[in-house]
Amino acid sequence: MIAEVYDNERLTIDAPFNSSDADMINVGDSATLTLTDSGYQVYGTVVKKSQGTNSQSGYMATRDVTIEVTQPGAINEGDYATAMVGNIACNDVGTFEYAVSESITAQTSGKVDALYISEGERVYAGATIAVLDGDDVESQIEDAKLSLGDANEALRRAELQEEDNAVSTS
């Protein structure tokens, strides 16, 4: 893995709502979220409702409602909040996550020779973010070619051995 990238401008939260209350919530509905640590309120939009139910303590059936917010600068991944959709309150807190988060991995292993990004920097699709040491990559290619040659030779010997066994048992 070379880097972990995420869209820090959009976050989502899965908030558990009473199952019968969730039936009255629709994708596109506005929501008010209250951060539990600060009491700060942000506004978002319902983007998904789970189809299945969960069981919470007290044997209450709940369904998760996913709400997306545009980052006002006050929220971090891992922050907790409660949610209200219209006059319907969630049953428990949810945890904020980045709406989009991906790992960038190299197609081959090797030593990073140059890194063109730094933490917090915006990255665009197709951008070169790192260069691997060419010597390491070339060495790995040569090693792979040698291993392939060894495997082909072992296969050839096994086929000859099989032919010899077939002739001697006839």
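Is Arg10 buried, partly exposed or exposed, and what is its relative accessible area? In this predicted model, Arg10 is partly exposed, with a relative accessible area of 30%. The side chain of Arg10 forms a salt bridge with Glu68, in which the closest N and O atoms are 3.2 Å apart. This pair links distant parts of the chain, as Arg10 belongs to strand β2 (residues 10–18) and Glu68 to strand β6, 58 residues apart. Glu68 is likewise classed as partly exposed, at a relative accessible area of 23%.

A search of the whole structure identifies 4 salt bridges. Strand β6 contributes to another of these through Arg63, which pairs with Asp23 at a closest N–O separation of 2.5 Å. Here too, distant parts of the chain are linked: Asp23 is located in the loop between α1 (19–22) and β3, whereas Arg63 is in strand β6, 40 residues apart. Arg63 is buried, with a relative accessible area of 8%, a value under the 20% limit that defines this class.

A further salt bridge is formed within helix α2. The side chains of Glu153 and Arg156 meet at 2.6 Å, N to O. Because they are 3 residues apart in helix α2 (residues 134–168), Glu153 and Arg156 are separated by about one helical turn. Both residues are partly exposed, Glu153 at 30% relative accessibility and Arg156 with a relative accessible area of 42%. Salt bridges with shared partners join Glu153, Arg156 and Arg157 into one network.

The pairing of strands β3, β4 and β6 was examined next. Strand β3 (residues 30–35) pairs with strand β4 (residues 41–49) in the antiparallel sense over 5 bridges. Within this pairing, Leu33 stands opposite Val42 of β4. The hairpin of β3 and β4 has 5 residues between the strands, and Gly39 in this hairpin takes a positive phi near 80°. Strand β4 is in turn joined to strand β6 (residues 60–70) by 5 bridges, and these two strands also run antiparallel. Lys48 stands opposite Thr66 in β6. Strand β4 thus pairs with both β3 and β6.

Charged residues also define a feature of the surface. Glu4, Asp14, Glu77, Glu97 and Glu102 form a negative surface patch. One of these residues, Glu102, lies in strand β10 (residues 101–104). Glu102 is partly exposed, with a relative accessible area of 49%. This value exceeds the 30% required for a residue to be included in a patch.

Key. Residues numbered from 1 in each chain as written. Predicted model: local features only at pLDDT ≥ 70, side-chain atom pairs only at ≥ 80, totals over all residues. Heavy atoms only, no water. Patch = residues over 30% accessible without salt bridge, like charges linked within 9 Å, V, L, I, M, F, W, Y side chains within 5 Å. Areas by Shrake-Rupley, 256 points an atom, 1.4 Å probe, with all protein chains shown as cover. Lys, Arg positive; Asp, Glu negative; His and termini not counted. Charge placed at Lys NZ, Arg CZ, Asp CG, Glu CD. Helix = DSSP H or I, 4+ residues; strand = E, 2+ residues; numbered from the N terminus. Buried < 20%, exposed > 50% of the residue type's maximum accessible area, 1.4 Å probe, protein only. Pairing = 2+ DSSP bridges.
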